[in-house]
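Work through the exercises below with the model open beside you. Each task is followed by its solution, one step at a time.

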Amino acid sequence: MPLDLFTVGEPIADTKAPADVPLPERWNERKFRARLVNPANRRKLSVIVVGTGLAGGSAAATLGEAGYRVKSFWFQDSPRRAHSVAAQGGINAAKNYRNDGDSVHRLFYDTVKGGDFRSRESNSYRLAEVSANIIDQAVAQGVPFAREYGGLLDNRSFGGAQVSRTFYARGQTGQQLLYGAYQALERQIGLGNVETFPRTEMLDLIIVDGRARGIVARDLITGEISSHFADAVVLASGGYGNVFYLSTNAKGSNATAIWRAHKRGAYFANPCYTQIHPTCIPVAGDYQSKLTLMSESLRNDGRVWVPKERGDSRDPRQIPEDERDYFLERKYPAFGNLVPRDIASRQAKNVCDEGRGVGPNGLGVYLDFTDAMQRLGRPAIEAKYGNLFDMYAQITGEDPYETGMRIYPAVHYTMGGLWVDYDLQSNIPGMFVIGEANFSDQGANRLGASALMQGLADGYFVLPNTLANYLADGPFEKVDATHPAAVEAQQAIKDQTAKLLSINGTRTVASFHRELGKLMWDLCGMDRSEESLRKALDRIPELKQEFWTNVKVSGEQGTFNQNLEHAGRVADFIELAELMCVDALHRNESCGGHFRAESQTPEGEALRDDENYAYVAAWEYTPDGAPPVLHREALEYEYIHLAQRSYK
Amino acid sequence: MSRVTSRSSVCHVGRGRTFAAVATVTQQPAQRGAPNTGRFSSSVVKKAVMAVSGIIMILYLIAHMIGNLKAFSGAESFNEYSGWIRTIGEPAVPTQTVLWIIRLVLLASVVAHFWAAYSLWAQARRARPVAYVTKKRVQQSFASRTLRWGGTIILLFIIWHILDLTVGAVNPAGGDTTPYERLIASFSNIPITLFYVVSMLLLGLHLRHGIWSAMQSLGQTNRRRERSVNALAYVVATVLTAGFLLVPLSIAFGLID
Amino acid sequence: MNLTLKVWRQVNPTVKGKMVTYHVTDVSPDMSFLEMLDVLNEQLILDNDDPIAFDHDCREGICGSCGLMINGIAHGPQQTTTCQLHMRSFSDGDVIDIEPWRSGGFPVVKDLVVDRSSFDRIIAVGGYISAPTGTAPEAHSVPVPKQDSDAAFDAATCIDCGACVAACPNGSSMLFTAAKVAHLGLMPQGQPERDTRVLKMVAQQDAENFGGCTNIGECSAVCPKGISMETISRLNHDLLGALRAGAVPAS
Ligand SMILES: Cc1cc2nc3c(=O)[nH]c(=O)nc-3n(C[C@H](O)[C@H](O)[C@H](O)COP(=O)(O)OP(=O)(O)OC[C@H]3O[C@@H](n4cnc5c(N)ncnc54)[C@H](O)[C@@H]3O)c2cc1C
Ligand code: HEM
Ligand code: HEM
Ligand code: SF4
Ligand code: F3S
Ligand code: FES
């Protein structure tokens, strides 16, 4: 690799997982070795939690219950609006309620394999291990999971698995799980254990004596910029898929919290691992502001196909069976329509590239329910997917019960994130990162229904234990807004805001965001090549330059100013995009969601290079435009045999 | 920064404490008024009071309507009935005891009903301090919208009605007459009859929504009962309205004299 | 198509607002209502005007952020969220009035943005089942009849948007509160706190400057999640039952 793009630093290791004990005992052992904080002392310890999604909400509630003084931040008006609310399909857990051979070990195995052997064994195992507790916890909170007539919980199967281990609540699983966590959080708020900062955006991290001690945040209503302090900081700010402008993420989802922490020294791991979801509603026009996911669960009953002939523009109902190509079933007989997301997405793109795509711009494939409707009847389909069908009809103006759906892949999830160790602590002591914001458990590709599992595992069960180990050293020396580190951080944010407002150029923030998104989708999207990535790396600095000289941000600082919020986020996305491209370019192999055109098997599947790339790429920020520093964390597989993934 | 007000420390639903280093004054009040504690301060309890008092009044009206229909059997029969109400229970209890019990229960019902209606009305006005520039109805029925004004007119009606037919103070025939004479006198007068007719129609609307609403307020409706409760509301409202209208209209059109 | 918008503009809670007229051209019927506002806002920014503030996030009908009074109907002519309303519901030349939710419990923050934290406070006093992390029994230890669980789910789909309050002539948040009370009250796990929950939540909603419910039914008719009036009946039933059982009103 050319050294102008990055430099190589010291390798790193995750030393917190007790590697000396067998895998199944590691988490217990870690909990046992971790120091505890006696309940009377917890009152003296404070924790900032940024984010109230599944990860942050469950963490803040649990820490509040434990007796710590929690300060909870989020940018929406209510904690229950965190983007976790939008998750549809379900949550995995190794309960083996179906008696179909599931086990902790199998879920662990599926996760590592699904992640294309780029995740840590210890982390993935722990995730599988606590998954069962999550379901117990949620049920106790009153989450109305789907049930069978006997009153017991129902399951369905999801991509990348041959067992039924996905628990669901119609097509609104994320909503119901989030409300469970939110209600637990509100209970703690009501009891006075959690102090709240609604509509408040974290803009910087404050580090004092090498420890994360606080954040700088902007009150989005008054515009006031202030500092907040605690003994530890937890980031749970979600994923950064909005780098691509069009994605299934919420409009407000952003990278600002983690990016600014990165600029303060936190390593950013595997930024190029993004997940493209196969079943989204295709783009309709230039004004499109976001993409809507149709849950993966639809692939349980829907069959994916395109016409065999190019340019066949007949109404799908008029195309006879033998002129249809059910390409997933054809290529992957064992998993059929339930192959993992990366594979399903890429195959859909391939058939569209061949000119067999359907819909107005040829960027779509059919997801057809005719067979399922005949087999199960319309009421059964309505009961299972009614809300998704309604949503589809609402958005497209077409009736999916009649014609099936048109779908196309879209950016959905980011496996990359801030680097954390087994304790979920970043390389900055005192800063923990949980949920989609960290990189840890999913490897290069996430299996469906595993993000909800990870967010809640982190927030309910992992962090509260490992954070205690850190806090046992506290309380730390008292810091307030007059501390030089805080003054400096606050001033930097004020300057940046003033700068954004003063440029007064000719282009809107949204136009920059759209341009960045298109560039990333075209050049660093579903497949990437050295050529495309180099092109992106040429263009992004120009875009950044133009942004900082020609953007037009309206309004003032001291007011409710949504345009200013957006401007700050886009500025960060542009910088992050550059790192993503560097990471994608340096990783000269294909794995999971990262598909390098240069590295594929003869059948066009992702070809890993375990010899050279079986590591986590953790990037260190260097100021003043110097190239980032790569720290490698080697991945070792003791329990799972590294193999080429096959879903045939 | 957090929207914490000074009130939050006294009230258990406050949003936690503010810590010295970060405390900033907030722009918006987080909460206007701590929750009230009295049983009857709850808007739901007020509605239940309305429902129960409304039902008591409905039961009275059913009996009252049947009594009124005695007018068709002539003056004697009607006056006899009027006398009977005053003597029920005699000689075990003194004259008019039962009547006064009925009167007191009714009075209590009217007062409670009115108090609850007024207090909910006031709460509703506080709840929308700025009116919409444009506001459309989506499903709200005429009956549900006329409840408040309708109720007010019914109150005025009751006052008039008692002064008219019970006390006779405003009756064309004067106070020293028999109930039957007062009846005939009133309804031979077209403006008074019209006032009665309008009031009865409003009462019908009031009950049409009120009966369903009372069941809902008492937590007795559900999807299965929806149709039967609605049917009950229609039937009772129609029977009462028609039954009450029969006497004044018959007198006005000279069918009774 | 071309449209005339009359939009409520209000700089902040203390300044009086007013309706301001804008014209938008070339609106595609496939745009969502919010995308149409995005287009207008970009134009306003380029014209050195202040863009219209409105709340939104997921844009797929689930987060409950968006919520506008469109031509006098909460969330507009379709029974859905504003972000899921598409311009094909309007026709060329239409004049569209856009206002914020109006309620004593929802003070205006700016333009079309209101503060709905009152809803969170209603939840904070009792809208939960107390189950501290780690205390949960095995999920299958308590079977829940499918019927109950489905009914609980129907109520649990409330997204906290506030359209019910906006539409209610009394400005009552009863449908929202009732949805939560019904959801939790239908689950066996929710029984121990059932009485205190309903008392506290109703007391809090009365204290938040919401109106009382007089069973008018506008709320349910505009609710994007179709929360039924039955939930209100259930709340009434639970509250009266709690008082009969001797539970003490919230303190
Ligand atoms: C449409 C969709 C469907 C999905 N379906 C599934 C599924 O079926 N199964 C599954 O397992 N996963 C699913 N996922 C993935 C999963 O929902 C997410 O990965 C997960 O919910 C992320 O949770 P989180 O807590 O990490 O972050 P989020 O829920 O995104 O929460 C982020 C929080 O951080 C706050 N925040 C962000 N930035 C800042 C800042 N700068 N300052 C202050 N606060 C900030 C936000 O206010 C919010 O509270 C889906 C994702 C999408 C988009
Ligand atoms: C138009 C139909 C009605 C007619 C013809 C009618 C007739 C009468 C008559 C004749 C009396 C006097 C009886 C007596 O002194 O013995 C009376 C009393 C009364 N009526 Fe009516 N009435 C009518 C409707 C109503 C309605 C709708 C209400 C209530 C909403 C009502 C409430 C009363 C009350 C409270 C009294 C006084 C009873 C008492 O205290 O003695 N009436 N009515
Ligand atoms: C004294 C004059 C009256 C007034 C001012 C009045 C007013 C009202 C109002 C405003 C409501 C409903 C609106 C709300 O709930 O806020 C109502 C409901 C009702 N009224 Fe009346 N009303 C009066 C008389 C009557 C009479 C005479 C009856 C019966 C004969 C009656 C029966 C009912 C019933 C059953 C309800 C429904 C109660 C509920 O929803 O719980 N009302 N009334
Ligand atoms: S009840 Fe319906 S209208 Fe009211 S907040 Fe919930 S979803 Fe919105
Ligand atoms: S519209 Fe209002 S009055 Fe009750 S039934 Fe709905 S809250
Ligand atoms: S923006 Fe989330 S519901 Fe409309």
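Which residues surround ligand 5?

**Exercise 1. The shell around ligand 5**

Some ground rules come before the solution. This is a predicted model, in which local features need pLDDT of at least 70, side-chain atom pairs count only at pLDDT 80 or more, and totals for chains, interfaces and linings use all residues. Residues are numbered from 1 along each chain as its sequence is written, chains are lettered from A and ligands numbered from 1 in the order in which they are written, and side-chain values use heavy atoms, with hydrogens and water left out.

Step 1. Apply the cut-off: a residue is near a molecule if one of its heavy atoms lies within 4 Å of it.

Step 2. List the shell. Ligand 5 is surrounded by C:Cys168, C:Asn170, C:Ser172, C:Cys213, C:Thr214, C:Asn215, C:Ile216, C:Gly217, C:Glu218, C:Cys219, C:Met229 and C:Ile232.

Step 3. Sort by class. Ala, Val, Leu, Ile, Met, Phe, Trp, Tyr, Cys and Pro count as nonpolar, Asp, Glu, Lys and Arg as charged, and the others, Gly among them, as polar. The shell around ligand 5 then has six nonpolar, five polar and one charged residues.

**Exercise 2. The shell around ligand 4**

Task: list the residues around ligand 4 and divide them by class.

Step 1. The surroundings of ligand 4 are C:Cys158, C:Ile159, C:Asp160, C:Cys161, C:Gly162, C:Ala163, C:Cys164, C:Leu175, C:Cys223, C:Pro224 and C:Ile227.

Step 2. Nine residues of this shell are nonpolar, one is polar and one is charged.

**Exercise 3. The iron of ligand 3**

Task: find the histidines that coordinate the iron atom of ligand 3, and place them in chain B.

Step 1. Take as donors N, O and S atoms within 2.8 Å of the metal (3.2 Å for Na, K and Ca); water is not among the atoms, so sites may look incomplete.

Step 2. B:His113 (NE2) and B:His206 (NE2) coordinate the iron atom of ligand 3 at 2.0 Å.

Step 3. Locate the pair. B:His113 is in helix α3 (residues 97–126) of chain B, B:His206 is in helix α7 (residues 190–217) of chain B, and 93 residues separate them. Helices (H or I, at least four residues) and strands (E, at least two) are DSSP runs, numbered from the N terminus.

Step 4. Check the geometry. Six donors count as octahedral if opposite donors are over 155 degrees apart and all others between 65 and 115. The arrangement around the iron atom of ligand 3 is octahedral because its six donor atoms subtend angles of 87 to 179 degrees.

Step 5. Check burial. Buried means under 20% relative accessible area, exposed over 50%, partly exposed in between (1.4 Å probe, protein chains only). B:His113 and B:His206 are buried.

**Exercise 4. The iron of ligand 2**

Why is the arrangement around the iron atom of ligand 2 octahedral?

Step 1. B:His64 (NE2) and B:His161 (NE2) coordinate this iron atom at 1.9 to 2.0 Å.

Step 2. The six donor atoms subtend angles of 84 to 179 degrees, which makes the arrangement octahedral.

Step 3. Distant parts of the chain are linked here: B:His64 lies in helix α1 (residues 43–68) of chain B and B:His161 in helix α5 (residues 147–166) of chain B, 97 residues apart.

Step 4. B:His64 counts as buried because its relative accessible area is 17%. B:His161 is buried, with a relative accessible area of 17%.

**Exercise 5. A glycine in chain C**

Where is C:Gly211 found, and what is it in contact with?

Step 1. C:Gly211 sits in the loop between α6 (194–207) and α7 (218–222) of chain C.

Step 2. Its relative accessibility is 0%, so C:Gly211 counts as buried.

Step 3. Contact means heavy atoms within 4.5 Å. Leaving aside neighbours within four places in sequence, C:Gly211 is in contact with B:Gln123, B:Ala124, B:Ala127, C:Asn170, C:Gly171, C:Ser172 and C:Ser173.

Step 4. The C-alpha atoms of C:Gly211 and C:Ser172 are separated by 4.1 Å, at 39 residues apart along the chain.

**Exercise 6. Chain C and chain A as wholes**

How many helices and strands are there in chain C, and how many in chain A?

Step 1. Chain C has eight helices and seven strands. Chain A has 18 helices and 22 strands.

Step 2. Of the 251 residues in chain C, 70% are buried. Of the 648 residues of chain A, 68% count as buried.

Step 3. The C-alpha atoms of chain A fill a box of roughly 75 × 60 × 50 Å along the principal axes.

Key:
Tetrahedral: all angles 85-135°; square planar, octahedral: opposite > 155°, others 65-115°.
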